[in-house]
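Okay, thanks for coming, everyone. I'd like to spend a few minutes on salt bridges and on how much of each partner the solvent can reach. Let me put the structure up.

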Amino acid sequence: KYFPFGQGHKDELVNRYAIKNSYTFPISESTSSAGDNGIPFMASSCYDELDVTEKELWDTYEALGKAVVSETEKIKNDKTNVFSIHYSPERSSIIVRFIDQDAAVEYVVKPVELRKGLSKTSEMLGMKTEDVPEDIHPVEIELKGKYAVGITWSDGHDASIYSREEIRKLCETLDSKAKT
């Protein structure tokens with residue numbers, strides 16, 4: 001397999017964001033040619049005429065398509081897992097709510113605790129946790145589907161996306177520390 005954009009951090013991202021489906025596509029001459037001509041590989045080929053490598057690629061695209069349809073249907077029909085997050089300037093806190101079939105819970109988190117606790121991405125970008133100012137706060141919080149949020153911070157940092165599960169784990173950890 002060739003990795004024209006580098007090996008990347010696929011496994012790390014899959015684990016960090018609890019991504020259920022991920023795929024690696026081999027590069028083939030027919031895929032490249034189809035893309036260059038503006039015709040999707042799946043529309044430009046007949047399965048029976050493909051060689052073994054191209055059939056493997058076809059099967060991977062087909063599996064991806066089926067997974068996208070399946071996950072989209074699950075998300076569309078899932079009314080039991082609600083996630084909300086917003087900044088309250090009056091409380092100088094971030095309010096995080098999780099509502100699922102079994103329970104509803106709200107966490108009140110200081111922005112600096114959230115930023116430092118979710119610092120892995122910041123560290124990957126060369127930012128150190130100890131450099132985060134104590135008065136940091138979100139300027140904007142944007143939901144990324146049902147799975148994550150993007151936060152623009154008052155220090156200008158806006159390159160991180162935080163998964164709902166990552167935020168939940170941090171909130172639970174901070175909550176259990178506060179109770180001890």
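Before I name any residues, one cut-off: when I say buried I mean under 20% relative accessible area, exposed is over 50%, and partly exposed is in between. And keep in mind that this is a predicted model.

So, salt bridges. How many does the structure hold? There are six in this model. I'll walk you through some of them. The general idea is familiar: side chains of opposite charge can pair when their charged atoms come close.

Let me begin with K116, since that's where the cut-off comes in. K116 has a relative accessible area of 27%, so K116 falls in the partly exposed class. Its salt-bridge partner is E134, with N to O at 3.1 Å. Where do these two sit, and what does the pair tie together? K116 is in helix α5, residues 111-117, while E134 is in the loop between α6 (120-124) and β4 (138-144), so the bridge links parts that are 18 residues apart in sequence. E134 itself is exposed, at 59% relative accessible area.

Next up, R97 and E106. That's a salt bridge too, and the closest N and O atoms are 2.6 Å apart. On accessibility, R97 comes out at 32%, which makes R97 partly exposed. E106 is partly exposed as well, with 40%.

Then there's R164 with E165. Their side chains meet in a salt bridge at 3.9 Å, N to O. Is R164 buried or exposed? R164 is buried, with a relative accessible area of just 11%. E165, on the other hand, is partly exposed at 33%.

Okay, leaving charges aside, two more spots to look at on the screen.

One is S88, which belongs to strand β1, residues 82-88. S88 has 7% relative accessibility, so S88 counts as buried. What does S88 touch, if we skip residues up to four places away in sequence? The answer is S93 and I95.

The other is C46, for anyone thinking about cysteines. You'll find C46 in the loop between α3 (41-44) and α4 (52-77). C46 is partly exposed, with a relative accessibility of 37%. From C46 to W58 is twelve residues in sequence, and their C-alpha atoms are 9.8 Å apart in space.

That's my tour. Happy to rotate the view if anybody wants another look.

Notes: Residues are numbered from 1 along each chain as its sequence is written. This is a predicted model: local features need pLDDT of at least 70, side-chain atom pairs count only at pLDDT 80 or more; totals for chains, interfaces and linings use all residues. Side-chain values use heavy atoms; hydrogens and water are left out. A salt bridge is a side-chain nitrogen of Lys or Arg within 4 Å of a carboxyl oxygen of Asp or Glu. Buried means under 20% relative accessible area, exposed over 50%, partly exposed in between (1.4 Å probe, protein chains only). Helices (H or I, at least four residues) and strands (E, at least two) are DSSP runs, numbered from the N terminus. Contact means heavy atoms within 4.5 Å.
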